Amino acid sequence: MEIIDSRIDKTSDEYKANYEQMEQKVAELKAELKRAREERSDKAIKRNAELGKLTVQGRLDRLLDRNSPWLEIAPLAARGMYDGKVHGAGSRIGIGLVHGREIFVHANDPMIKGGTVYPMGVKKALRGQTIVMENHLPAISLVDSGGAFLPLQAEIFPDVDDGGRTFYNQALMSKMNIPQICAVMGLCTAGGAYVPAMSDHVVHVNRTGAIFLGGPPLVKAATGEDVTAEELGGAMVHCRESGVSDYFAEDDEHAIDILRNIVAMLPPKEKARVPRRAPEDPLYDPKEIYGIVPQSISKPYDVREVIARMVDGSEFLEFKALYGPTLVCGWGYIHGYQVGILGNNGVLFSESALKATQFISLCDRQGIPLIFLQNISGYMVGREYERGGITKDGHKMVHVVSTATVPKFTVIIGASFGAGNYGMCGRAYSPRFLWMWPNSQIGVMGGEQAADVLVTVKNDQLAREGQPPLPPEMVEQMKQPIIQAALQQGDAWYSTSQLWDDGILDPAMTRDALGLAISASLNAPLEDRNQGHGVFRM
Ligand code: COA
């Protein structure tokens with residue numbers, strides 16, 4: 001394979017300015033991640049210590065193999081929402097190694113409002129279960145939760161994608177033969193009682209862990225009975241009398257040791273096979289991506305420079321290099337796994353869409369995972385392109401992205417606008433994982449364009465009524481809030497707080513995240529590749 005020949009001038013002012021700006025964004029990201037992991041009230045810290053519990057970080061550290069990689073998902077979900085302190089939507093989720101086996105972990109954080117579940121916490125739990133089901137990963141739950149955050153119960157409870165769905169999914173996961181292991185390390189109240197009840201293995205911590213459908217306050221209100229949490233649903237009750245729990249643990253440490261022993265006893269599983277070779281570092285330093293990515297998302301640059309810093313040995317076999325050049329397609333290896341990469345190099349034309357359709361079909365047939373590097377303002381618009389059938393060619397790309405069955409992974413490395421988001425495997429197209437870079441922007445269209453569209457619509461309306469167009473000051477008045485909203489709701493921080501992605505990535509770490517994600521995805525068998533596609537509009 002050919003080595004990509006980088007043309008970057010690392011001494012240029014532009015490179016240095018880009019580098020500085022991205023470095024600053026990554027520093028902000030790291031600071032936010034630290035805050036989300038560590039900022040807890042003194043009251044909560046004291047209470048956790050009084051109860052003799054480990055912190056969530058302490059639990060994860062003891063559960064996961066020492067010095068092993070941990071791929072955390074959505075650590076900044078709910079950032080800036082509620083009172084601004086429901087870090088990570090009140091839970092930590094991710095994929096890590098236990099006895100060398102890839103395991104999905106969900107842990108409530110009892111130091112954030114008693115581990116209660118906010119609406120975004122439900123969304124995060126459901127995202128976690130999607131990851132478990134799509135990738136067939138054994139799942140461990142570290143439950144320590146006061147249940148639904150009651151002031152917002154209407155947003156959590158009854159709908160199809162609300163709390164009840166998590167237990168429905170647990171039944172489906174069981175039917176799919178996905179092991180589910182639960183440690184009761186605090187309260188499992190009301191609906192929460194079904195987390196252990198629907199699991200295959202339940203470890204129960206003495207004194208701090210309790211499972212009940214109605215807690216002591218509810219029992220008192222309903223029946224007048226005075227009962228403590230431990231008498232109602234403690235480890236002694238459930239390990240000795242009810243049989244709800246399977247393993248009795250003295251404390252958090254003991255429970256986690258039991259969890260590790262359970263994982264060690266799981267039957268071994270063959271992973272799906274995809275083409276592989278020995279892993280190799282890229283020839284160019286991934287951190288140089290900082291200097292390559294322009295400060296403005298509207299400034300073009302060559303995505304091959306990014307690919308060169310992502311693939312093993314910086315080697316890349318480009319497909320149809322001269323045809324549809326605004327989309328770069330080709331094969332390379334990431335941490336030894338062969339992948340098909342699609343990266344935007346400008347707006348999508350008919351040719352680029354047709355090239356993508358052929359390339360995705362090829363990878364799908366050959367069982368090669370797909371990586372989408374999104375930096376896309378959309379498909380080309382205008383009379384000439386409509387006549388050329390841009391819509392039907394775009395449809396072929398969107399169609400094949402939807403029906404391809406190989407694992408897909410998306411990184412939004414710049415712009416993600418309009419149908420370009422769809423064709424390049426946005427969240428709705430079920431990539432196994434999707435991340436954003438700190439510089440990226442997402443939306444139906446840019447704020448300026450959206451504002452211009454609305455001004456044009458208004459002026460057309462006025463013209464129909466025989467009135468003059470809006471004066472310049474009214475145009476500005478109309479445009480500003482739209483531009484501001486698009487800016488605020490279109491950045492990576494907003495996206496990640498809404499759980500539109502699995503997290504914001506340091507560009508230099510992207511290759512490692514992809515390597516871990518590809519490896520995790522291979523726990524699920526590759527689907528039958530001869531299923532083909534639906535009908536293409538020709
Ligand atoms: N909804 C909203 N807030 C809740 C809550 C709930 N279900 N459960 C606890 N909280 C809040 C508390 O008001 C407190 O808020 P504050 O820090 O602003 O004062 C915070 O969570 C911590 O609760 P606290 O009771 O001080 O901590 P704790 O460690 O002693 O106990 C629980 C935590 C979860 C065991 C205990 O709060 C509890 O039993 N909650 C009710 C559980 C329940 O019956 N849930 C039913 C919902 S389905």
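The crossing of helices α13 and α15 is left-handed in this predicted model. Helix α13 covers residues 350–366 and helix α15 covers residues 390–403; the two pack at an angle of about 20°, and their axes lie 8 Å apart. With angles under 35 degrees counting as roughly parallel, α13 and α15 are therefore roughly parallel to each other. It is handy to have both values here, as two packed helices are described by the angle between their axes and the distance between the axes.

Turning to the ligand, 13 residues surround it, and of these K43, R47, K113, G146 and A148 come nearest. Sorted by class, the shell around the ligand is made up of 6 nonpolar, 4 polar and 3 charged residues. Two elements, α2 (42–50) and β5 (180–189), each contribute at least two residues to this shell.

The polar contacts of the ligand involve both side-chain and backbone atoms of the protein. On the side-chain side, an N or O atom of R47 sits 2.7 Å from an oxygen atom of the ligand; R47 is also among the residues that come nearest to the ligand. On the backbone side, a polar atom of G146 is 2.8 Å from a ligand nitrogen, and a polar backbone atom of L150 is 3.0 Å from a nitrogen atom of the ligand. Taken alone, the ligand exposes 860 Å², of which the protein buries 57%.

Methods:
Residues are numbered from 1 along each chain as its sequence is written. This is a predicted model: local features need pLDDT of at least 70, side-chain atom pairs count only at pLDDT 80 or more; totals for chains, interfaces and linings use all residues. Side-chain values use heavy atoms; hydrogens and water are left out. A residue is near a molecule or strand if one of its heavy atoms lies within 4 Å of it. A polar contact is a pair of N or O atoms within 3.5 Å; within protein, one must be able to donate a hydrogen and the other to accept it, and residues adjacent in sequence count only if both atoms are side-chain atoms. Accessible areas come from the Shrake-Rupley method with a 1.4 Å probe; for residues, only the protein chains shown count as cover. Helices (H or I, at least four residues) and strands (E, at least two) are DSSP runs, numbered from the N terminus. Ala, Val, Leu, Ile, Met, Phe, Trp, Tyr, Cys and Pro count as nonpolar, Asp, Glu, Lys and Arg as charged, and the others, Gly among them, as polar. Axes are lines fitted to C-alpha atoms, for helices over the stretch in contact, and angles run from 0 to 180 degrees between N-to-C directions. Angles under 35 degrees count as roughly parallel, over 145 as roughly antiparallel, 65 to 115 as roughly perpendicular and the rest as oblique. A crossing is left-handed if the near helix is turned anticlockwise from the far one by less than a right angle, and right-handed if clockwise.
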